[in-house]
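Colleague: Before I use any of these labels myself, I'd like to hear the reasoning behind them. Can we go through the model together?

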Amino acid sequence: MRGTVATPPTGAELKQALQDGKQVIVCSLFLFPQVLRLTSQMLNKRFAVLIDEAHSSQGGKTTRSMNAVLADVEEDDEDFIVRETKKRGRLNNLSYFAFTATPKDTTLELFGEPQPEGNYNPFHLYSMRQAIEEGFILDVLQNYTTYEQYYRLLQATTEDPHCTTGQLARALHKFVNLKEEAIREKVEVIVEHFCDRVQQRINGKAKAMIVTSSRPQAVRYKQVVDAYIQEKGYTFKTLVAFSQTVTLNGIKYTEYSMNTASAGENIHDIAEAFRKDEYRILIVADKFQTGFDQPLLHTMYVDKPLKDIKAVQTLSRLNRCHSGKNETMVLDFINDWQTIKNAFQRYYTATSLSQGTDPDRLYNLERKLKQFGFYDTSELENVTNIYFRNPQAVDQLEAAISPVVERFDEAEEDDQNRFRELLTEYVRLYLYLSQIVKFTDVDLEKLYSLGHLLLTKIQPSHQESPFTLPQGIELEAYRIQQTFSGTIKLDNIAQTLLQAPEIKGYGTPTVKVEVPLSQVIQEFNNRYGVNLTDADKVCVETVTKRLSQDVQLKQKVQVNAEKAQTTFYETAQKQIIALFRENSPNFQDFYPKIKINKDFETALFRWMFELYIDKLKEENQGEAEDA
């Protein structure tokens, strides 16, 4: 097989491997834009493209470049824009084979098989359930324990700056998450659990991972865990993995400086070092949460919000089989069991897409964008001509786009926001659909060429500045309490049916109201049970989480704002009664308490409703920003 397989590290070598007719080429997708600039021509050639861990990123610009490189299209086509459109959509000389354990809606539309009924199914299915039942992977939800954290903040300062609620909330959460006393309490649980329940598993070789929410938190965990291990006289060691440099209290930390071997030398390869028996706990921040394969990994300690695909990918680091490994464990300090169940349920049996994306949306967007009058046909032609014939002519492109930018700058702010939102949606949608649909309308390609260049020039200038908490904020009290322990059982349904992908713009920027720091701290303290007993607090948390997961409630509240509060109260009462009848912990005392004291019940529901609405607004804003 020598000479058959090529592993080109650069675009130039990839181009050469393609031209030499190498039978198998293993490379990164990100090399293809370089080959595109080198103008490689692949006439009368057929390719099978094998993609591991296929997700919606496959529909982006890099895949567009790969298709353009491999397309069987003559470069000397008289009309360059027609030539470019021929490289879009499903190409006859390309066959895709994509592998994923977590198919998203866009993944199914890009790589699934269209059915006569209009839905999309995977070409082949080996489900998570089947893999577990046949012993190829372990069930990571078999032993799952969740905790809730309670704390009270003290504002020991007269300084009371104003800032947006979102900024203050993020700053306060970060403040609590980095406090040594908060991490210390969790570390005691983690290390003692590891020593008592984990260390002797897998014939005394079991390892664990601590998943943190940020690089600074990973640094703090490393410091506190190591100090606790030394204090207790335990002999195992830890490793920490994070990117770049973290500065805490004026001191700079790197992954390289914080990891040392027994002989005192620094460790270069974290994954390789973690194979050694002496290293039993790996602390991570983003790194090693996907694609990391260590069969001795038995237990995971989660101190990071996880949902949807991220939850499945992260927790699935535990599912590798190994001799003597019969189960896994998870201790989760952030996420509730229902959120984790919802994430895994989607991929447990089969996942199908109900219908594809409607290409007519592009024409609707094109029509709306024209109505603003920011560009005309001649400008579209001019920009497209320069972009495809001489893409390196930056000055010419700048000059061609500048009249459009000037008209945009002179428009009313509402028109600017709406145009930007529609143009973003158009560019994202065309970039996605052009991987699926064979468009013959060259005007769509022209508008995409102008649009994705124009968006770099018309982004809003006002950005939310970072907020730093003033001196004098203290963590007055902190504790954690176990809320669930057992198996998270997934439902054995035939399949999960996903709706058509929603590809939208970023949305219109909302006006963010600034509030004083003292008000937010009071809300935080109310949120974490100032006027409730610890048992009551657990009950409120349980009800709140159930309500946040109620899709019908969310729809009713968003559709009918006038009756939103009444609808919320009625739903909350039903949930409390249901939990009381289910004999849920603490509800036998909590339910009579709120029924006897109507003032308490009204105040409690009003407070829960305000939190619910605030969270709903944050989710809607976050979804718009993520899109």
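**Strand pairing and the central sheet**

Modeller: Sure, let's start with a pair of residues: Lys207 has Leu297 as its bridge partner in E14. Keep in mind that this is a predicted model.

Colleague: What makes E9 and E14 a pair of strands?

Modeller: Two strands pair if DSSP finds at least two bridges between them. E9 and E14 are joined by 6 bridges and run parallel, so they pass that cut-off.

Colleague: How do you know that E14 pairs with E15?

Modeller: By the same kind of count: there are 4 bridges between E14 and E15, in the parallel sense. The minimum is two bridges, so E14 and E15 count as paired. You can look at Tyr301, which stands opposite Leu331 in E15.

Colleague: And what joins E9 to E13?

Modeller: Strand E9 (residues 207–212) is joined to E13 by 4 bridges, and the two run parallel. Ile210, for instance, has Ile283 as its bridge partner in E13.

Colleague: What is the strand order in the sheet?

Modeller: It's an open sheet of 7 strands, ordered E10-E13-E9-E14-E15-E7-E17, with mixed pairing.

Colleague: Why are E10 and E17 called edge strands?

Modeller: E10 and strand E17 (473–486) each pair on one side only. As for twist, neighbouring strands of this sheet are turned by 20° against each other on average, direction ignored.

Colleague: Which strands does H8 touch?

Modeller: H8 packs on the sheet, with contacts to E7, E9, E13, E14, E15 and E17. Its direction makes about 30° with that of E17, and angles under 35 degrees count as roughly parallel, so that label fits H8 and E17.

Colleague: What about H10 and E10?

Modeller: Helix H10 (residues 215–232) also packs on the sheet, touching E9, E10, E13 and E14. The angle between the directions of H10 and E10 is about 175°; over 145 counts as roughly antiparallel, so that is the word for this pair.

**Inside E14**

Colleague: Why is E14 described as largely enclosed by the rest of the structure?

Modeller: Because 7 of the 7 residues of E14 are buried. Take His298, which is found in this strand (residues 297–303). His298 has a relative accessible area of 0%, and buried means under 20%, so His298 qualifies.

Colleague: What does His298 touch?

Modeller: Leaving out residues up to four places away in sequence, its contacts include Val198, Arg201, Ile202, Leu318 and Glu327.

Colleague: What makes the pair His298 and Glu327 a polar contact?

Modeller: The side chains of His298 and Glu327 come to 2.5 Å. The limit for a polar contact is 3.5 Å, so the pair is within it.

**Salt bridges**

Colleague: How do you know that Asp303 and Lys186 form a salt bridge?

Modeller: Their closest N and O atoms are 2.8 Å apart, and the cut-off is 4 Å, so the pair counts. Asp303 sits in strand E14 and Lys186 in helix H8 (residues 180–198), 117 residues apart. Asp303 and Lys186 are both buried.

Colleague: Why does Lys237 with Glu278 count as a salt bridge?

Modeller: The closest N and O atoms of Lys237 and Glu278 are 3.4 Å apart, so this pair is also within 4 Å. Lys237 lies in strand E10 and Glu278 in the loop between helix H12 and strand E13, so the pair ties together parts 41 residues apart in sequence.

Colleague: Are Lys237 and Glu278 buried or partly exposed?

Modeller: Partly exposed: Lys237 is at 28% relative accessibility and Glu278 at 27%. Partly exposed runs between 20% and 50%, so the label holds.

Colleague: What is the count of salt bridges by this rule?

Modeller: It comes to 20. Arg184, Glu188 and Glu231 are linked in a network of them.

**A helix pair**

Colleague: Why are H13 and H14 called roughly perpendicular?

Modeller: H13 and H14 pack at an angle of about 90°, with their axes 8 Å apart. The range for roughly perpendicular is 65 to 115 degrees, so H13 and H14 belong there. Where they meet, Asp308, Ala311, Val312 and Leu315 in H13 face Ile340, Ala343 and Phe344 in H14.

Technical notes: Residues are numbered from 1 along each chain as its sequence is written. This is a predicted model: local features need pLDDT of at least 70, side-chain atom pairs count only at pLDDT 80 or more; totals for chains, interfaces and linings use all residues. Side-chain values use heavy atoms; hydrogens and water are left out. Buried means under 20% relative accessible area, exposed over 50%, partly exposed in between (1.4 Å probe, protein chains only). A polar contact is a pair of N or O atoms within 3.5 Å; within protein, one must be able to donate a hydrogen and the other to accept it, and residues adjacent in sequence count only if both atoms are side-chain atoms. Contact means heavy atoms within 4.5 Å. A salt bridge is a side-chain nitrogen of Lys or Arg within 4 Å of a carboxyl oxygen of Asp or Glu. Axes are lines fitted to C-alpha atoms, for helices over the stretch in contact, and angles run from 0 to 180 degrees between N-to-C directions.
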